[in-house]
Amino acid sequence: MKVFTSPFRNPFINLALEDYFLRERSDLPLLFFYVNRPCVVLGRFQNPWLESRLPYLTENDIWLVRRQSGGGCVYHDEGNLNFSFIVPGPVIDRSTHAQLLSRAFEKSAVELSISPRNDLWLKDSQGEWKKISGSAYKQTRDASFHHGTFLVSSDLNVLENCLQHTLVPKESKSIASVRSKVISLQQRFPQMSIQDVIELVCCELGTAPVELDGTYLSLTGVQESFERLRSWDWLWGETPLFEIESLRGPVKVHKGRFQESREVFSRSSAVELFTKDNLEMMFPDFSEQRRSSSRIL
């Protein structure tokens with residue numbers, strides 16, 4: 001199995017590269033490692049207003065991202081290592097990859113437990129098992145991926161602040177996250193770094209990692225996926241149906257638009273439905289993310 005690492009910190013670039021490998025299929029099977037700048041990553045079928053504290057994100061320059069796979073909402077920062085096993089064929093065995101990661105850590109006397117959902121757990125100093133790695137997957141007719149997070153030295157206080165709701169809908173068709181107590185690797189093993197984790201896994205695979213270069217960014221498939229992931233249609237417009245209470249009674253929002261009028265659900269269109277404070281909370285300014293996310297690094 002080939003192992004690629006990304007030098008980029010832009011989550012939209014890294015997810016676009018992952019999508020390219022999935023669809024191109026020429027290098028499969030492969031393992032793709034990447035680290036993102038601070039961001040909250042929604043599952044494919046989730047609601048950003050329900051899963052994240054939107055004003056906190058904009059106030060702290062934390063980006064909002066929606067990935068292709070299902071599952072729950074997660075926080076990424078420079079202390080979190082993302083992995084993606086991408087394989088040919090429509091079926092992927094997540095337990096095989098979880099066991100591979102667990103075996104890799106055994107060689108450094110780090111015991112990880114595998115949950116029924118194929119998440120990885122680590123005991124804290126008091127002997128309590130806490131989640132250190134969650135994962136999700138996507139399957140297509142020709143290829144599939146199993147990707148996840150591994151908390152090495154992430155700021156868990158920021159993680160907790162990000163993953164709170166902005167509003168509580170009366171009804172929602174989105175997939176709700178399942179919250180668990182989490183732990184980072186360095187809380188138990190302070191000397192271990194992200195590079196150490198990559199080397200442990202590569203040793204288990206008997207291969208050396210190859211760092212990608214900038215030529216991948218000029219590929220049409222990567223550019224198209226990058227723009228789609230950054231678009232309003234994907235980030236906000238893929239939000240499943242939900243209903244919230246307004247000053248004029250309940251309103252339903254589907255795919256980022258009022259269900260009845262099909263008008264975009266925004267501060268200007270909702271100005272007569274909510275108080276000023278509620279509007280500021282529900283519609284913080286993400287224009288800086290839009291501007292800066294167009295950069296490569």
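**Exercise 1. Helix H4 and its surroundings**

Task: In this predicted model, determine how the span of helix H4 compares with the expected value, which of its residues are buried, and what they pack against.

Solution: Begin with the length of the helix, which runs over residues 94-106 and therefore counts 13 residues, with an expected span of 18 Å at 1.5 Å a residue. From the first C-alpha to the last, H4 reaches 19 Å, which is close to that expectation. Next, apply the cut-off for burial, under 20% relative accessible area; the residues of H4 that are buried are His-97, Ala-98, Leu-100, Leu-101, Ser-102, Ala-104 and Phe-105. Finally, follow the contacts of these buried residues, which pack against the strands E6 (80-88), E7 (113-114), E8 (120-123) and E11 (143-151), and also against the helices H6 (185-188) and H7 (194-205).

**Exercise 2. The cavity**

Task: Find how many cavities of 30 Å³ or more the structure holds, and state which residues line the largest cavity and how they divide by class.

Solution: The count comes to 1 cavity of 30 Å³ or more, and the volume of the largest cavity is about 50 Å³. Its lining consists of Phe-33, Leu-81, Phe-83, Leu-101, Phe-105, Phe-150, Val-197 and Val-201. Assigning these residues to their elements, one finds that E6, H4 and H7 are the ones that give two or more residues to this lining. Leu-101 and Phe-105, already met among the buried residues of H4, belong to the cavity lining as well. Sorting by class then gives 8 nonpolar residues, with no polar and no charged ones.

**Exercise 3. Backbone exceptions**

Task: Locate the cis peptide bond, and decide for Ala-109 and for Asn-118, each with a positive phi, whether the residue is buried or exposed.

Solution: As background, most residues other than glycine have a negative phi, and most peptide bonds are trans. The cis bond joins Leu-28 and Pro-29, with omega at about 0°, and Pro-29 lies in the loop between helix H1 (11-24) and strand E2 (30-34). Turning to phi, Ala-109 has a value of about 60° although it is not a glycine, and its place is in the loop between H4 and E7. Since exposed means over 50% relative accessible area, Ala-109 counts as exposed at 65%. Asn-118, also not a glycine, has a phi of about 65° and is found in the loop between E7 and E8. With a relative accessible area of 15%, Asn-118 is buried.

**Exercise 4. Strand pairing**

Task: Work out which strands pair with E3 and in what sense, and then which strands stand at the edges of the open sheet of 4 strands.

Solution: Consider the faces of E3 (residues 39-42), where Cys-39 and Val-41 on one side and Val-40 and Leu-42 on the other are all buried, so that both faces are covered. The pairing of E3 with E4 (residues 63-66) is parallel over 4 bridges, and here Val-41 stands opposite Val-65. With E5 (residues 74-76), by contrast, E3 pairs in the antiparallel sense over 3 bridges, and Val-40 stands opposite Tyr-75. The open sheet has the order E12-E14-E15-E16, with antiparallel pairing. Its edges are E12 (171-172) and E16 (257-258), each with a single partner strand, so one side of each is left without a neighbour in the sheet. Between E12 and E14 (residues 242-246) there are 2 bridges, and the partner of Ser-172 in E14 is Phe-242.

**Exercise 5. The two largest pockets**

Task: Describe the volume and the lining of the largest pocket and of the second largest pocket.

Solution: The largest pocket has a volume of about 910 Å³ and is lined by 42 residues, of which Cys-73, Val-74, Lys-131, Gly-134 and Val-178 lie nearest its centre. The elements that give two or more residues to this lining are E5, E6, E9 (129-133), E10 (135-139), E11 and helix H5 (156-162). By class, the lining of the largest pocket divides into 18 nonpolar, 17 polar and 7 charged residues. For the second largest pocket the volume is about 250 Å³, and its lining includes Arg-248, Lys-252, Phe-258 and Glu-263. Strand E15 (residues 249-254) gives the most to this second lining, with 3 residues, and the division by class is 4 nonpolar, 3 polar and 5 charged.

Technical notes
Residues are numbered from 1 along each chain as its sequence is written. This is a predicted model: local features need pLDDT of at least 70, side-chain atom pairs count only at pLDDT 80 or more; totals for chains, interfaces and linings use all residues. Side-chain values use heavy atoms; hydrogens and water are left out. Buried means under 20% relative accessible area, exposed over 50%, partly exposed in between (1.4 Å probe, protein chains only). Contact means heavy atoms within 4.5 Å. Two strands pair if DSSP finds at least two bridges between them. On a 1 Å grid over the protein atoms alone, a cavity is a set of points where a 1.4 Å probe fits but cannot get out, and a pocket is an open set with protein on both sides within 12 Å along at least five of seven lines; lining residues have an atom within 4 Å of a point. Grid points are joined across faces, edges and corners, and a volume is the space filled by probe spheres set on the points. Ala, Val, Leu, Ile, Met, Phe, Trp, Tyr, Cys and Pro count as nonpolar, Asp, Glu, Lys and Arg as charged, and the others, Gly among them, as polar.
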